[in-house]
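Colleague: I would like to learn how to read a protein–DNA model from its contacts. Could you take me through one, feature by feature?

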Number of protein chains: 2
Amino acid sequence: MKVNFKKQNRLKEFSKDKSKIGLKNSQKRTLIIEYFLHEDKHFSVEELYNEIKKISSEISYSTVYRTLKLLTTCGLADECNFDDGITRFEPVHKAQHHDHLICKRCGKIIEFKNNEIEKLQQDVAKKYKFSIKFHRLALYGLCSECKKKQRGN
Amino acid sequence: MKVNFKKQNRLKEFSKDKSKIGLKNSQKRTLIIEYFLHEDKHFSVEELYNEIKKISSEISYSTVYRTLKLLTTCGLADECNFDDGITRFEPVHKAQHHDHLICKRCGKIIEFKNNEIEKLQQDVAKKYKFSIKFHRLALYGLCSECKKKQRGN
DNA sequence: GTGAAAATGAAAGTCAATTTCAAAAAGCAA
DNA sequence: TTGCTTTTTGAAATTGACTTTCATTTTCAC
């Protein structure tokens with residue numbers, strides 16, 4: 001498992017905070033956190049649980065669930081909803097907010113960032129004297145590969 | 001209950017289709033549909049059920065639920081999710097797609113439309129060779145009234 | 001090591017959404 | 001109108017993802 005510097009720092013941060021907020025250093029939790037932060041993917045609890053199980057069969061669904069919620073509370077993970085009733089978690093990239101393209105055929109999730117859209121959102125908010133705390137933008141459709149496949153059919 | 005022309009037409013359309021797809025003309029369903037289409041609001045099943053109950057106490061939650069699902073299938077209603085785990089339904093305005101501003105304090109839902117944002121979404125899609133079938137954009141925050149109240153506190 | 005506090009797993013509970021099924025209503029045909 | 005078939009309905013049960021409970025295990029400061 002390749003460890004990238006930024007992510008290691010995030011994990012270290014997490015470790016530093018732990019004592020302050022009364023957390024103990026659990027091996028299982030650490031394994032889950034490392035796996036989750038190093039994989040740059042969107043995981044449902046179920047999905048992460050299934051992958052973790054392969055590495056360490058002694059980790060329960062509850063622990064995976066609780067760890068993801070904990071990371072969310074600590075600001076190291078974000079919860080996403082993509083219209084299928086399943087909550088997914090993604091590692092927070094502190095540097096940049098982003099939105100999502102979701103392929104309805106293969107389920108692929110692509111992240112994108114568009115400053116112009118964000119600016120226009122602020123314009124909309126201003127028009128309605130509204131202050132935006134956060135937003136969700138998801139574009140649903142077909143990714144390039146699935147488009148090719150569909151033509152083939 | 002004021003009936004606007006466009007909505008009456010939509011209802012008529014619905015009625016026309018009914019026989020073709022094997023639906024019978026139920027009084028209760030008709031009442032629910034009329035109420036839903038004439039109120040230009042976002043309803044959860046629960047909310048619509050509570051309002052309908054006041055008019056006709058003999059209509060059950062199941063019927064309201066099934067009617068809203070039916071309207072969605074027929075393309076006369078859309079399902080929305082605003083990050084609170086509750087599905088809301090809105091009458092489809094055939095003329096225009098729109099997005100939402102949601103006040104996290106009072107729950108108010110404001111609809112808006114911004115062609116520039118839509119255009120930029122297409123640009124994003126093109127960049128990733130993605131074809132968009134539909135999208136969801138929701139801006140969460142505080143509406144003008146709630147901002148005022150908050151200052152007052 | 002000992003003891004207090006936190007973490008864990010399995011099972012139970014929650015809650016909105018959805019389905020089931022027996023009874024009621026709709027509507028076609030005689 | 002009556003009889004018959006199909007659809008609709010209400011109440012209750014079920015589903016499925018999420019969340020909590022609680023007895024047991026692990027952590028860690030002393």
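Modeller: Let us begin with a single atom pair, bearing in mind that this is a predicted model: a polar side-chain atom of T63(A) lies 2.2 Å from a phosphate oxygen of DNA strand C. T63(A) also belongs to the closest residues around DNA strand C, a group that further includes S26(A), R29(A), E58(A) and S60(A).

Colleague: How many residues surround DNA strand C, and which class is each of them in?

Modeller: There are 22 residues around DNA strand C, and by class they divide into 5 nonpolar, 9 polar and 8 charged. On the DNA side, sugar and phosphate make up 70% of the atoms of DNA strand C that come within 4 Å of the protein.

Colleague: Which elements supply that surface near DNA strand C?

Modeller: At least two residues each come from α2 and α4 of chain A and from α4 of chain B, and α4(B) has the largest share, with 4 residues. Two individual contacts from chain B are worth placing beside the one from T63(A): a polar side-chain atom of K24(B) lies 2.9 Å from a base nitrogen of DNA strand C, whereas T87(B) uses a backbone N or O atom, which lies 2.8 Å from a phosphate oxygen of DNA strand C.

Colleague: Then let us turn to the other strand. Which residues are closest to DNA strand D?

Modeller: The closest are K24(B), S26(B), R29(B), E58(B) and T63(B), out of 23 residues that surround DNA strand D. K24(B) therefore deserves a second look in the viewer, since K24(B) is among the closest residues to DNA strand D and also has a polar side-chain atom 2.9 Å from a base nitrogen of DNA strand C.Colleague: What part of DNA strand D comes within 4 Å of the protein, and what do individual contacts look like?

Modeller: Of the atoms of DNA strand D within 4 Å of the protein, 68% belong to sugar or phosphate and the rest to bases. Three contacts with phosphate oxygens of DNA strand D can be read one by one: a polar side-chain atom of S60(B) lies 2.5 Å from one, a polar backbone atom of N25(A) is 2.8 Å from one, and a polar side-chain atom of K69(A) lies 3.3 Å from one. The elements that give two or more residues to this surface are α4 (61-74) of chain A together with α2 (27-38) and α4 (61-74) of chain B. The largest share, 5 residues, comes from α4(A), and by class the surface near DNA strand D has 5 nonpolar, 10 polar and 8 charged residues.

Colleague: Having read the DNA surfaces, how should I approach the interface of chain A and chain B?

Modeller: Start with its extent and then go down to pairs. In this model 32 residues of chain A are in contact with 32 residues of chain B, and the two chains bury about 3,100 Å² between them, 67% of it on carbon and sulfur atoms. Across the interface there are 15 residue pairs in polar contact, both residues being at pLDDT 80 or more.

Colleague: Which elements of chain A make up the side that touches chain B?

Modeller: Those that give two or more residues are β4 (99-103), β5 (109-112), α5 (115-127), β6 (131-142) and α6 (144-152) of chain A. Among these, β6(A) gives the most, with 12 residues, and the side of chain A that touches chain B has, by class, 18 nonpolar, 6 polar and 8 charged residues.

Colleague: How does β6(A) pair with chain B, parallel or antiparallel?

Modeller: β6(A) and strand β6 (residues 131-142) of chain B run antiparallel and are joined by 11 bridges. As a register mark for the viewer, L142(A) stands opposite S131(B) in β6(B).

Colleague: How many salt bridges are there between chain A and chain B?

Modeller: The count is 2, and one that can be inspected is formed by D83(A) with R136(B), whose closest N and O atoms are 2.9 Å apart. Over all chains the structure holds 14 salt bridges.

Colleague: Why would a salt bridge within one chain, such as that of E51(A) with K41(A), be worth reading?

Modeller: One looks at where its partners sit. E51(A) and K41(A) have their closest N and O atoms 2.9 Å apart, and the pair ties together parts that are 10 residues apart in sequence, because E51(A) lies in helix α3 (residues 45-55) of chain A and K41(A) in the loop between α2 (27-38) and β1 (43-44) of chain A. In chain B, E51(B) lies in helix α3 (residues 45-55), and its side chain makes a polar contact of 2.9 Å with the side chain of K41(B). Leaving aside neighbours within four places in sequence, E51(B) is in contact with Y35(B), K41(B) and F43(B).

Methods: Residues are numbered from 1 along each chain as its sequence is written. Chains are lettered from A and ligands numbered from 1 in the order in which they are written. Side-chain values use heavy atoms; hydrogens and water are left out. Contact means heavy atoms within 4.5 Å. Buried area is the accessible area (1.4 Å probe) that two parts lose on being put together, summed over both. A salt bridge is a side-chain nitrogen of Lys or Arg within 4 Å of a carboxyl oxygen of Asp or Glu. A polar contact is a pair of N or O atoms within 3.5 Å; within protein, one must be able to donate a hydrogen and the other to accept it, and residues adjacent in sequence count only if both atoms are side-chain atoms. Ala, Val, Leu, Ile, Met, Phe, Trp, Tyr, Cys and Pro count as nonpolar, Asp, Glu, Lys and Arg as charged, and the others, Gly among them, as polar. Two strands pair if DSSP finds at least two bridges between them. A residue is near a molecule or strand if one of its heavy atoms lies within 4 Å of it.
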